[in-house]
Amino acid sequence: MPEESKIEIPHTPLDLAGSTEALQDIVIPESLPLLGLDNFVLFPFMIAPMIVGQENTKKKIDDALRGERLVGVFLKKNSGGPEAFQNLYQVGTLAVILKMLRMPDGSVRLLLHGVERIQIAEVIEETPYLRARTEKLIETDQDTLSVTAMMRNVQQQMMHIMEIGNLPSDLGAAVQEMHDPGRLADLAVSHLQVKIEERQEMLETVSIERRLERVIEILSREISLLELGSEIQTKVTSKLEKRQREYMLREQMKTIQKELGEAEDQNPELAELRLAIEKADLPDHARKTTEKELSRLEIMHPSSPEYSVARTYVDWIVSLPWNKSSEDSIDIEAAKRVLDEDHYDLEEVKERILEHLAVIKLKQRIRGPILCFVGPPGVGKTSLGRSIARAMGRKFHRMSLGGMRDEAEIRGHRRTYIGSMPGRIIKAIKDAETNNPLIMLDEVDKI
């Protein structure tokens, strides 16, 4: 493979390694080659690398190197689009080619140094590449008291971002030593993760005061995002540290139990139960309760009367569909078709059901009111409930209350006595395998 071809640009007629005043004295040629970039804005006094692969662009660079090594760098309106005047923003940056390297694959790497803002004044030619007459943009409002105050504000905000963000360490010194407000604004924007349209807007803003105002707005937004991200990271790290600490304590407890000869006496069912808790998608309050109960089980003898109560309680919590819901699809016309398909006549009943569904659809969520069907056996009360569930796209569960003598069978028993069980509503939710089934309480009159 051939070696890289490196061209060092001679320091004539301009001393590019010298002071910035030498760059400011550059005279814009009457015919300046233009270079269109995708998703990148070059600011004045900014040094940036780029790779060139197209043949017409290589010719453009070669012609610039034989001349004064100056090109106009402009952002493309449509990234990846053609390099045409219609696809370029009117404001760009005059740049000097500092170095060029020809790579073995035929591409060319450039090192560009931004000089000053320019705008396209007149199109000269489009073939073989874009050339135009450009004009320098003059900055305004440099020495006002307001500019000085905003400049200090930008410096303070940049130092704050340096503390909470991930910016180069030497950027702080450059910001503190910067005395040119325009260059400070450009430096701040070039190091922030902002949209390419905002960068172009900053490049087109010649008013120093307005540019600093926009920079302060962008910095305030970035600081808020960084602080929010830092807060989220702190919470996540705290949770991870808590879990790691609990894991280490459990491992230490296992070691102590093994040394005491108690490890063999552990119930293997508890290990399976812990694994089931870890696999279950439980909300925080449910997970906290199950872990607390499991800790009690680990120190409780299996023959204890409370053992079976606690074990059953944990089993029920793990088996419930905490985060599994049926997606409601309340379409009044579709619900009417379902009711008409399943039931003949009953117009007043079906109309009342549709009114109830319409209220739910409008309010998105309704709590409290329920439908009550009254009628002799066989008129279709239960089948109406099944039709409503089918119209809403929910699971249906029928709960017969005939012969029930204790309300605890519905709401569940207290865990203060042996044989306590959850209520029938919880059992219905478990059987339906969703947390929002349509439950029909049937035979209420036979309680």
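Helix 5 of this predicted model has nine named buried residues: Pro-181, Gly-182, Leu-184, Ala-185, Asp-186, Leu-187, Ala-188, Val-189 and Ser-190. Here buried means under 20% relative accessible area, exposed means over 50%, and partly exposed lies in between, with a 1.4 Å probe and protein chains only. Helices (H or I, at least four residues) and strands (E, at least two) are DSSP runs numbered from the N terminus.

A word on the ground rules: residues are numbered from 1 along each chain as its sequence is written, and side-chain values use heavy atoms, with hydrogens and water left out. As the model is predicted, local features need pLDDT of at least 70 and side-chain atom pairs count only at pLDDT 80 or more, while totals for chains, interfaces and linings use all residues.

**Helix 5**

- Helix 5 covers residues 181–190, and 9 of its 10 residues are buried, so the rest of the structure largely encloses it.
- At the N-terminal end, Asp-180 acts as the cap of helix 5, with a side-chain oxygen 2.9 Å from the backbone nitrogen of Gly-182.

**Helix 8 with helix 10**

- Two packed helices are described by the angle between their axes and the distance between the axes.
- Helix 8 (residues 268–279) packs against helix 10 (residues 305–319) at about 25 degrees, and their axes are 10 Å apart; axes are lines fitted to C-alpha atoms, for helices over the stretch in contact, and angles run from 0 to 180 degrees between N-to-C directions.
- Helix 8 is therefore roughly parallel to helix 10, a label for angles under 35 degrees, with over 145 roughly antiparallel, 65 to 115 roughly perpendicular and the rest oblique.
- The two helices, 8 and 10, cross in a left-handed way; left-handed means that the near helix is turned anticlockwise from the far one by less than a right angle, and right-handed means clockwise.
- Glu-269, Leu-270, Leu-273, Ala-276 and Ile-277 of helix 8 meet Tyr-307, Arg-311, Val-314, Asp-315 and Val-318 of helix 10, where contact means heavy atoms within 4.5 Å.
- By class, this contact of helix 8 with helix 10 has 7 nonpolar, no polar and 3 charged residues; Ala, Val, Leu, Ile, Met, Phe, Trp, Tyr, Cys and Pro count as nonpolar, Asp, Glu, Lys and Arg as charged, and the others, Gly among them, as polar.

**Helix 11 with helix 13**

- Helix 11 (residues 332–342) and helix 13 (residues 381–392) pack at about 145 degrees, and their axes are 9 Å apart.
- The crossing of helix 11 and helix 13 is right-handed.
- Ala-335, Val-338, Leu-339, Glu-341 and Asp-342 supply the helix 11 side of the contact, and Leu-384, Ser-387, Arg-390 and Ala-391 the helix 13 side.
- The residues in this contact of helix 11 with helix 13 are 5 nonpolar, 1 polar and 3 charged.

**Backbone points to check by eye**

- Most residues other than glycine have a negative phi, and most peptide bonds are trans.
- The Thr-127 to Pro-128 peptide bond is cis, with omega near 0 degrees, and Pro-128 sits in the loop between strand 6 (108–125) and strand 7 (131–136).
- Leu-346 has a positive phi near 50 degrees and belongs to the loop between helix 11 and helix 12 (347–363); its relative accessible area of 28% makes Leu-346 partly exposed.
- Glu-433 has a positive phi of about 65 degrees, lies in the loop between helix 15 (424–432) and strand 9 (438–442), and counts as exposed at 54% relative accessibility.

**Asn-87 in its loop**

- Asn-87 is found between strand 4 (70–75) and strand 5 (91–102), and counts as buried at 6% relative accessibility.
- Leaving aside neighbours within four places in sequence, Asn-87 is in contact with Leu-75, Lys-76, Lys-77, Asn-78, Gly-81 and Pro-82.
- The side chain of Asn-87 reaches the backbone oxygen of Pro-82 at 3.0 Å.

Conventions:
A polar contact is a pair of N or O atoms within 3.5 Å; within protein, one must be able to donate a hydrogen and the other to accept it, and residues adjacent in sequence count only if both atoms are side-chain atoms.
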